[in-house]
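Me: I would like to understand how the words used for a protein structure are justified by its values. Could we go through them one at a time?

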Amino acid sequence: MPEPGSPEPGISGGDSRRTAPTIEEAARTILLDVAPEDVRFLPLACADFFGNPAARRRAVRATLRGRERDQPTGFDAGEGMQLVLGVVLTLLNGVACEVLTGMTTERVDRLRARWRARRRRRALTTAVAPQGERTPLPRVSAVEAAAIGAQAAEIVLAAGMPEELAQRVNTLLAAALIDPRP
């Protein structure tokens with residue numbers, strides 16, 4: 001929650017125009033809704049995710065593999081950190097680096113689906129947003145935002161999370177990406 005008198009996340013200074021939320025702002029919004037207990041780990045997880053390539057690779061791989069380990073995020077936080085934080089940072093970083101946004105428009109047949117999935121995993125593992133957690137997310141049309149949200153929901157489900165959580169992440173991520181301009 002912003003401090004009283006401070007600008008609302010996604011709103012720049014005294015400007016009345018809505019700006020794109022940063023990865024950290026979008027992550028905080030999503031976590032407050034789906035995993036409020038993880039919000040306290042966000043600064044540490046962002047520092048690990050964006051400052052440590054090995055931690056980022058572990059988080060992305062854990063997201064794409066699902067719940068297979070005791071500490072699935074791969075971050076150096078306490079035992080209480082849940083997989084959802086790693087999933088949210090992986091998704092938002094993927095959107096900011098246009099790994100997910102660029103792939104939503106591609107139509108693939110069944111024969112190439114595994115190849116595309118492997119390519120997406122590789123891209124998600126190596127891509128890093130240029131300004132870390134302060135990288136603004138792209139603004140896209142409502143149709144593109146819905147497609148990105150649906151793709152994010154598929155990743156959340158593949159990570160072994162419940163359908164309800166996948167739908168909440170889908171909705172919240174799509175809402176963060178929609179360009180408010182007509």
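**Reading the terms against the values**

Reply: We can begin with Cys46, which counts as buried because its relative accessibility is 1%, and buried means under 20%. Please keep in mind throughout that this is a predicted model.

Me: Why is Cys97 called partly exposed?

Reply: Cys97 has a relative accessible area of 24%, and since partly exposed covers the values between 20% and 50%, Cys97 is placed in that class.

Me: How many disulfides are there by the rule?

Reply: The rule asks for a pair of cysteine sulfur atoms within 2.5 Å, and by this rule the count comes to zero disulfides.

Me: What makes Phe49 and Phe50 an edge-to-face pair?

Reply: The ring centres of Phe49 and Phe50 are 5.0 Å apart and their planes stand at 70°; a pair needs centres within 6.5 Å, and planes over 60 degrees apart count as edge-to-face, so both conditions are met by these values. A search of the whole structure finds one aromatic pair. As for accessibility, Phe49 is buried at 0%, and Phe50 is buried too, with a relative accessible area of 14%, because the cut-off for buried is under 20%.

Me: Why is the contact between Arg168 and Asp33 called a salt bridge?

Reply: The closest N and O atoms of Arg168 and Asp33 are 2.7 Å apart, and a salt bridge requires a side-chain nitrogen of Lys or Arg within 4 Å of a carboxyl oxygen of Asp or Glu, so the pair qualifies. Arg168 lies in helix 8 and Asp33 in helix 1, so the salt bridge ties together parts that are 135 residues apart in sequence. Arg168 is partly exposed at 31%, and Asp33 is partly exposed at 37%.

Me: How many salt bridges does the structure hold, and which residues form the others?

Reply: The structure holds three salt bridges. Glu24 forms one with Arg28, where the closest N and O atoms are 3.6 Å apart, and both residues lie in helix 1, four residues apart, about one turn of the helix. Arg134 forms another with Glu133, again with the closest N and O atoms 3.6 Å apart; here Arg134 is exposed, with a relative accessible area of 56%, whereas Glu133 is buried, with 17%.

Me: How do you know whether Ala152 is buried or exposed?

Reply: Ala152 has a relative accessible area of 0%, and because buried means under 20%, Ala152 is called buried. Ala152 is placed in helix 7, residues 142–158, and, leaving out residues up to four places away in sequence, Ala152 touches Leu91 and Leu173.

Me: Which residues touch the most other members of the largest nonpolar core?

Reply: Leu89, Leu92 and Leu137 do, within a core of 46 residues. Helix 4 (83–96) and helix 7 are among the helices that each supply at least two residues of this core, and helix 4 gives the most, with 10 residues.

Me: What is the mean pLDDT of the chain, and where does pLDDT stay under 50?

Reply: The mean pLDDT is 76, and 69% of the residues reach 70 or more. Residues 1–17 stay under 50, and over residues 76–81 the pLDDT is also below 50. Where pLDDT is low, the predicted coordinates should not be read in detail.

Conventions
Residues are numbered from 1 along each chain as its sequence is written. This is a predicted model: local features need pLDDT of at least 70, side-chain atom pairs count only at pLDDT 80 or more; totals for chains, interfaces and linings use all residues. Side-chain values use heavy atoms; hydrogens and water are left out. Buried means under 20% relative accessible area, exposed over 50%, partly exposed in between (1.4 Å probe, protein chains only). Contact means heavy atoms within 4.5 Å. A nonpolar core is a set of buried Ala, Val, Leu, Ile, Met, Phe, Trp, Tyr and Cys residues joined through side-chain atoms within 4.5 Å. pLDDT is the predictor's confidence in each residue, from 0 to 100. Rings of Phe, Tyr and Trp (its six-membered ring) pair if their centres lie within 6.5 Å; planes under 30 degrees apart count as stacked, over 60 as edge-to-face and the rest as tilted.
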